[in-house]
Amino acid sequence: MVRDGAFLEAGGQAIYWSLNYERTRYYPSHWATHGRVGLCVFGNGSFDMFLALPVTFSASYGGSSRAEFGLGLVPYVYVDRYAGGSSSYGDVMLPTIHAGYRFQRYDGNWFLRAGAMVAHFHQEVVIDGEKRMDTWGWNPYLSLGILFEQAPTSRS
């Protein structure tokens with residue numbers, strides 16, 4: 001069975017939050033695969049805009065309570081005009097790795113996800129007085145989503 005869904009994620013792949021579309025395929029052996037694409041647009045008083053497009057593929061195993069793990073990438077653009085001038089850059093967090101818990105009944109209409117993601121990204125950081133241009137970081141996530149009813153298929 002294949003089902004489409006939408007979910008809101010706090011934290012996770014898009015760092016702040018994201019609205020996502022997901023396609024789930026169930027297999028008889030308690031496995032499921034999930035493909036996702038999302039969108040995050042965020043800004044606050046310390047920077048103008050962060051725009052991200054998380055793309056992930058994950059697998060889950062279990063009944064209603066499922067272990068979930070996956071990989072992805074997140075292209076993003078960061079615009080900052082508040083830091084004494086104007087700066088903007090775009091990059092890709094690659095890879096992103098996530099693992100967590102998913103509660104989703106096979107025939108239910110909603111799901112809940114929680115876990116953590118780890119990502120490799122390019123950013124100037126200072127660690128023990130040494131400048132580095134890339135690093136690994138992690139971010140927890142919590143997602144709540146809805147699954148759409150699957151349209152009946154006709155066989156001819």
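**Close-up views of a nine-stranded predicted model**

**Figure 1. Strand β5 pairs with strand β3 and with strand β6.** Seven bridges hold strand β3 (residues 31-44) and strand β5 (residues 55-62) together in the antiparallel sense. To find your place in this pairing, start at A32, whose bridge partner in β5 is S60. Strand β6 (residues 65-80) also runs antiparallel to β5, and eight bridges join the two. Here Y61 makes a handy landmark, with A67 as its bridge partner in β6. Follow the chain from β5 into β6 and you trace a hairpin, with two residues between the strands. Please keep in mind that this model, like every view below, is predicted.

**Figure 2. The whole chain is built from strands.** Stepping back for a moment, the protein has nine strands and zero helices. Read along the sequence, the pattern is β-β-β-β-β-β-β-β-β. How much of the protein is buried? Buried residues make up 37% of the 156 residues. Among contacts with a separation of 6 or more, 51% are between residues 24 or more positions apart.

**Figure 3. F7 and F111 meet edge-to-face.** The protein has seven aromatic pairs, and this view shows one of them, F7 with F111. The ring centres are 5.7 Å apart and the planes stand at 70°; because an angle over 60 degrees counts as edge-to-face, the pair falls in that class. F7 belongs to strand β1 (residues 2-11) and F111 to strand β8 (residues 110-127), so the contact ties together parts that are 104 residues apart in sequence. Are these two rings buried or exposed? F7 is buried, with a relative accessible area of 2%, and F111 is buried too, at 0%. F111 has another neighbour to look for: R102 lies over the face of its ring, at 4.5 Å from the ring centre.

**Figure 4. An aromatic cluster brings together four residues.** Y16, F42, F50 and Y76 form one aromatic cluster. Two of these names, F50 and Y76, return in Figure 6 as members of the largest nonpolar core.

**Figure 5. Salt bridges link strands, with a network among them.** The count comes to six salt bridges in the protein. Side chains of opposite charge can pair when their charged atoms come close.

- R23 and D4 form a salt bridge, their closest N and O atoms being 3.4 Å apart. R23 lies in strand β2 (residues 17-26) and D4 in strand β1, so the pair ties together parts that are 19 residues apart in sequence. Both ends are partly exposed, R23 with a relative accessible area of 44% and D4 with 25%.
- E9 and R113 pair with their closest N and O atoms 2.9 Å apart. This salt bridge ties β1 to β8, because E9 lies in the former and R113 in the latter, 104 residues apart in sequence. E9 is buried at 1% relative accessible area, and R113 is buried at 2%.
- R102 and E22 form a salt bridge, with the closest N and O atoms 2.5 Å apart. R102 sits in strand β7 (residues 87-104) and E22 in β2, so parts that are 80 residues apart in sequence are tied together. R102 is buried, with a relative accessible area of 0%, and E22 is buried at 3%.

Which residues does the salt-bridge network link? The members are E9, E22, R36, E68, R102 and R113. R102 is the arginine from Figure 3 that lies over the face of F111.

**Figure 6. The protein has a nonpolar core of eleven residues and a separate core of five.** The largest nonpolar core is made of A14, C40, F50, A52, V74, Y76, Y78, M93, M117, A119 and F121. Strands β4 (47-52), β6 and β8 are the elements that give two or more residues to this core. A closer look at A119 is worthwhile: leaving aside neighbours within four places in sequence, A119 is in contact with M93, P95, T96, T135, W136 and G137. A second, separate core has five residues, including F7, A32, F111 and L147. You have met some of these before: F7 and F111 are the edge-to-face pair, and A32 is the bridge partner of S60.

Definitions and conventions
Residues numbered from 1 in each chain as written. Heavy atoms only, no water. Pairing = 2+ DSSP bridges. Helix = DSSP H or I, 4+ residues; strand = E, 2+ residues; numbered from the N terminus. Phe/Tyr/Trp six-rings, centres within 6.5 Å; stacked < 30°, edge-to-face > 60°. Buried < 20%, exposed > 50% of the residue type's maximum accessible area, 1.4 Å probe, protein only. Lys NZ or Arg CZ within 6 Å of the ring centre and 35° of its normal. Salt bridge = Lys/Arg side-chain N within 4 Å of Asp/Glu carboxyl O. Core = buried A, V, L, I, M, F, W, Y, C linked by side-chain atoms within 4.5 Å. Contact = heavy atoms within 4.5 Å.
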